[in-house]
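Q: Please give me a close look at one part of this model, the segment annotated in the record. Then go on through the charged and aromatic side chains, with the numbers that support each statement.

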Amino acid sequence: MRRDLRGALLLLLTAAVQSSSMSAPGKPVLLSCRSPEKETFTCWWEPGSDGGLPTTHHLYYERERLEGTYECPDYLSAGRNSCFFDKNHTSIWVDYYLTVTASNALGNATSDPFKMDVMEIVKPDAPGNVTLRVEEREASPCLHVRWMPPSNTDTKSGWVTIKYELRVKKDNSNNWKEYTSGTQTHFSLYSVSPGGVYTVQVRCLLDHGSWSEWSNTTFVKISNYLQNERPLSMLISILSAILFIMAGLILIAKRKSVKQWVLPPVPGPKIRGINSQLLQSGGSDDVGNVLIIKQSFPPIYFVWQDQMEDYLIVTENEDWLSSNSQKSLIPACFHFNSEIHSKESPCHQNDWEKDEEISQVDNNNKPFTNTGYVDFQRHVENVDVKHVDYSRVKEVKRDNILFLEKEKVQSSGYIHFQRQEGIPEDYSGVKEVESDHLVVLQKQNAADLSCKDEGNHYTECALHKPRKPHVCTELSDSGYVDTIPAPPLM
Amino acid sequence: MALKKTDGSKLLMAVVCLVAVCSSVPISDLLDRASQGSDKLHALSTIISQDLNSHFPPIGQEIMPRPSMCHTSSLQTPSDKQQTLQVSESDLLSLARSLLQAWSDPLLVLSASANTLHHPDQTSISNQIQELQLHSKSLGDGLDILSGKMGPAAQTISLLPFSGGNDIGQDRISQLINFNFLLSCFRRDSHKIDSFLKVLRCRATKAQPQMC
């Protein structure tokens, strides 16, 4: 009786002392549940205020397809304010309804019901044992990452399908680069460069659940010593660069001689009788006239406007003709002989036949025949013909033999010359007259005629002054025009 | 002549056998394909569920009918790993096929009501439901082919009639609630199908552990 009274008094006293801060517990809150491998799960709650009194919490659950209310089987394994459901108590594809009740001396408080299904709360543990291995290769190093699946996960039966993801960052940057690994527990990184510290983390996922936390960070430093092997190659490259630069400088300094060696000057066409130096010195009018006429290949006809008779005797070089009848260029080599008209020239004793016909050749370079004929066309324009006794040329052989028609031969055998002043002298002198129908011309530099009186039948005529030479250009097969040195003077 | 005939027929037989062997896809590949299809099916249903719940806090969870009222709840399925691993391959396939078959009609209902759903994401939900239907159909066809290769037990399908009819609610709220409920049932069943097929796949590919 006395004990009871004492106890009640004590209780009243303590209650009176703590009456202001004592209350029933606050409502706890169920936070979350999690299943790491789809076989067990754990739930956590947050207790409310304890009301100043020791408060206990109890978790009760109901389950679909299971009658009754049950209490949490394990409050300890998962820590404070948690409840761990082991394999025997875990079912999937059924709803659990959980409630937590906090109770103390003054009352209880029950949380809101928390509905969950195991299939929705799957979140695995992080992968473990992440190892890094650096493989040094010539071009660039590569990083091999290996890890183990979380220890509690069953990857052998197909109950869960695991998927991995890893992320890498270099040194202290915040830029993580993420890679997906699928179901493999290894991965190789090739985009690493030496001289850096790489940090790698791995995480995993089960089927349709949530990603795990990132694993512990693993560091690896890729050494820089690879670059020490470079100096040799760098030295070599620098030396060769210096050599190249020096060679280039030498080349530039001696560019003229190099140019001469690489591209030797091509000898230009040498026109006999034309002295380049003479040309350069601005030679006489004759030289200029030479050029003018010599450049009139293919043959054109020119008309002497003066009162003198003007005509041409065109001879051909048979040799060149036959081989180049196809060329549209100069088909033959021509000597231009304009007849020398000279009055009272000592060189008149010659069976020189002049023909008043001027050959007219198209500028289109009609190829000549192979026979050596010259097609003379009668062209009487602007020609003041003096009636002189002419012989008609029947045939031109080679380049210096004229066959004349017999009936035209004058008995006198005279040949009249009319020297035309101011006309460039490019005649062939008659070398010999044989019989009464064969005239052999001088095959020489017409500019070098010197008159010699040697009897009635022929005269060698040569001009004293060097005049323009024959221009004989030979056509080679390639189509180029080369000069042939004129035969020596007689 | 007779010799030639026998030679010809032998050749023909050889060709037919070769064609038959070459054209048959191994079961492991078929299961792999089926697993990928079921994975996609469940992922799609989860997305639709999230879209649906994004604008409605789970207040409806309290008034929502209990999942035991899903029309497929009558089917006895394993409820944990141990039980699942004890089921035979043919039975697992039969269960998967039954579940899938049970949803062909309700998906039509869902698809129809998605057009008139009062929800901000109604268009995207409607499109996704259509996609869901297509996936479900193609997975069903694939499982039919598989069942042909796995014996008679795999061919049996349990009928699970859907009694909800075409009407999922008169007013907006009940429409949404029923839609949500049907979708949650589908999510659970698609997860079951996915798990069963993945267990089957792992069993069929003993030589390739990376498939599990």
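A: Residues 232-253 of chain A are 100% helix and 0% strand, and the C-alpha atoms at the two ends of this stretch lie 32 Å apart. The stretch is covered by the UniProt annotation "transmembrane region", which comes from an unreviewed entry. Such an annotation may be inferred rather than shown by experiment.

The model is predicted. The predictor gives the complex an ipTM of 0.85 and a pTM of 0.59. Chain B has an average pLDDT of 86, with 91% of its residues scoring at least 70. Where pLDDT is low, the predicted coordinates should not be read in detail.

Next come the charged side chains. Over all chains, the count is 20 salt bridges. One of them joins Asp207(A) to Lys38(A), with an N to O distance of 3.7 Å. Asp207(A) sits in the loop between β14 (196-206) and β15 (218-222) of chain A, and Lys38(A) in the loop between β1 (29-34) and β2 (41-46), so the bridge ties together parts that are 169 residues apart in sequence. Asp207(A) has a relative accessibility of 13%, which is under the 20% limit, so it counts as buried. Lys38(A), at 5%, also counts as buried.

Lys38(A) has an aromatic neighbour too: its charged end sits over the ring of Trp159(A), 4.9 Å from the ring centre. Another placement of this kind in chain A involves Arg167(A), which lies over the face of Trp176(A) at 4.1 Å from the centre of the ring.

The pair of Lys38(A) and Asp207(A) belongs to a network of salt bridges that also includes Asp39(B), Asp194(B) and Lys198(B). Within this network, the side chains of Asp194(B) and Lys198(B) meet at 3.1 Å, N to O. Both residues lie in helix α8 (residues 172-204) of chain B, 4 residues apart, or about one turn of the helix. Asp194(B) is buried, at a relative accessible area of 2%. Lys198(B) is buried as well, at 6%.

A further salt bridge in chain A is formed by Lys115(A) and Asp95(A), at 3.6 Å from N to O. Lys115(A) belongs to strand β8 (residues 114-117) and Asp95(A) to strand β6 (residues 95-104), so this bridge connects parts that are 20 residues apart in sequence. The relative accessible area of Lys115(A) is 31%, between the limits of 20% and 50%, so this residue is partly exposed. Asp95(A), by contrast, is buried at 5%.

The aromatic side chains can be taken in a similar way. The count over all chains is 12 aromatic pairs. In one of them, the ring centres of Tyr179(A) and Phe187(A) are 5.4 Å apart and the ring planes stand at 45 degrees, so the pair is classed as tilted. Tyr179(A) and Phe187(A) are both buried. In chain B, Trp103(B) and Phe186(B) have their ring centres 5.2 Å apart and their planes at 85 degrees; this angle is over 60 degrees, so the pair is edge-to-face. This pair links distant parts of the chain, 83 residues apart: Trp103(B) is in the loop between α5 (89-102) and α6, and Phe186(B) is in helix α8. Trp103(B) is buried, with a relative accessible area of 1%, and Phe186(B) is buried at 2%. Chain A also holds an aromatic cluster made of Phe41(A), Tyr61(A), Tyr70(A), Phe85(A) and Tyr96(A).

One residue of chain B remains to be placed. Leu110(B) lies in helix α6 (residues 104-114) of chain B. Its relative accessibility is 0%, so it counts as buried. Leaving aside residues up to four places away in sequence, Leu110(B) touches Ile129(B), Phe179(B), Leu182(B) and Leu183(B). Leu110(B) and Asn166(B) are 56 residues apart in sequence, with their C-alpha atoms 8.7 Å apart in space.

Definitions and conventions. Residues numbered from 1 in each chain as written. Chains lettered and ligands numbered in written order. Predicted model: local features only at pLDDT ≥ 70, side-chain atom pairs only at ≥ 80, totals over all residues. Heavy atoms only, no water. Salt bridge = Lys/Arg side-chain N within 4 Å of Asp/Glu carboxyl O. Buried < 20%, exposed > 50% of the residue type's maximum accessible area, 1.4 Å probe, protein only. Contact = heavy atoms within 4.5 Å. pLDDT = per-residue confidence, 0-100. Phe/Tyr/Trp six-rings, centres within 6.5 Å; stacked < 30°, edge-to-face > 60°. Lys NZ or Arg CZ within 6 Å of the ring centre and 35° of its normal.
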